[in-house]
Amino acid sequence: MRVLIVEDDPTTSAMLAGLVRREHWHHQQAEDLASAWQALRTAAFDILLLDLSLPDGEGTDLLQKIRRGAPGELPDPKLPVLVISSRSQLRSRLMALDLGADGYVIKPVHLDEVGAVMRALLRRRTTIAAGQIRHRDLVLDPQSRRVQQAGAQVDLTEQEFAVLLALMEDRPRPLSRADIQARSGNRVGDGNAVEVHVHHLRRKLGDSLIQTVRGVGYRVPPDSRS
């Protein structure tokens, strides 16, 4: 799990970082809106901890950018956001929630409470995603046979979907061309056809998604964020 902590107070930021390490998760810290937005655009996170009062603006501005961003602008526009703020007024809490926050904790923080809310948000995210296969910013739904990358729909042929599904289900174990054919019910053609489908998948989804394993076949590599 990767957590982005957006907090300009060094003491609070250090406390939250300690909590994340205690949960055996990874974290990145940002002190203002600009660096937070840059981090969100260049890396995928599993949850965002967001202060509202930041040196260069309001945390709600970042929240709106996340929720209203153009398709493909962020790896995950549905990223769970937990606001952590000293603003205890009901109006502030309701505004943040209406703008797309998933939770709200009032400072001074109690780390056990923050940890409990984070775990609840992650459980909810897992439940929503039940039945889907996720890898980095890619979401594959075997039931609807749809694929999304960074929130945008990706159109695949039936054969391309079958190849991708086989590799995703067995990741990170490499599969030979024969393995892929067998797992797809021989719907993808012979070995040369598998190679063509992999080429098309790389063109549509990025070269790094599917690795060639010399002498074996292909694989989807481990997610380094896990």
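Author: In what follows, contact means heavy atoms within 4.5 Å. This is a predicted model, in which local features need pLDDT of at least 70 and side-chain atom pairs count only at pLDDT 80 or more, while totals for chains, interfaces and linings use all residues. Residues are numbered from 1 along each chain as its sequence is written, and side-chain values use heavy atoms, with hydrogens and water left out.

Reader: Which residue does UniProt list for "modified residue: 4-aspartylphosphate"?
Author: The annotation comes from an unreviewed UniProt entry, and such annotations may be inferred rather than shown by experiment, with shortened feature names and positions in the numbering used here. The listed residue lies in the loop between β3 (47-50) and β4 (53-54), where strands (E, at least two residues) and helices (H or I, at least four) are DSSP runs numbered from the N terminus. The residue named by the record is Asp51.

Reader: Is Asp51 buried or exposed?
Author: Leaving aside neighbours within four places in sequence, Asp51 is in contact with Val6, Glu7, Asp8, Gly59, Ile84, Ser85 and Lys107. The scale calls a residue buried under 20% relative accessible area, exposed over 50% and partly exposed in between, using a 1.4 Å probe and protein chains only. Because its relative accessibility is 5%, Asp51 counts as buried.

Reader: With which residues is Thr12 in contact, leaving aside its neighbours within four places in sequence?
Author: Thr12 belongs to helix α1 (residues 10-22), and its relative accessible area of 12% makes Thr12 buried. With those sequence neighbours left aside, the residues in contact with Thr12 are Glu7 and Lys107.

Reader: How many residues apart in sequence are the parts that Arg87 and Glu58 tie together?
Author: The side chains of Arg87 and Glu58 meet in a salt bridge at 2.8 Å, N to O, a salt bridge being a side-chain nitrogen of Lys or Arg within 4 Å of a carboxyl oxygen of Asp or Glu. Arg87 lies in the loop between β6 (81-85) and α4, and Glu58 lies in strand β5 (residues 57-58), so the parts tied together by this pair are separated in sequence by 29 residues.

Reader: Which residue forms a salt bridge with Glu160?
Author: Glu160 is buried, with a relative accessible area of 3%, whereas its partner is partly exposed at 29%. The closest N and O atoms of the two are 2.8 Å apart, and the partner of Glu160 is Lys204.

Reader: Which residues do salt bridges that share partners join into one network?
Author: Elsewhere in the chain, Glu195 forms a salt bridge with Arg177, with the closest N and O atoms 3.7 Å apart. This pair links helix α8, which holds Glu195, to helix α7 (residues 177-183), which holds Arg177, across 18 residues. The network joined through shared partners is made up of Glu7, Asp51 and Lys107.

Reader: Which side chains of β10 point to one face and are buried?
Author: Strand β9 (residues 138-141) runs antiparallel to β10 and is joined to it by four bridges, pairing of two strands requiring that DSSP finds at least two bridges between them. Opposite Leu140 stands Val147 of β10, while Gln149 has Ala152 in β11 as its bridge partner. Side chains alternate along β10 (residues 146-149): Arg146 and Gln148 point to the other face and are not buried, and those that are buried on one face belong to Val147 and Gln149.
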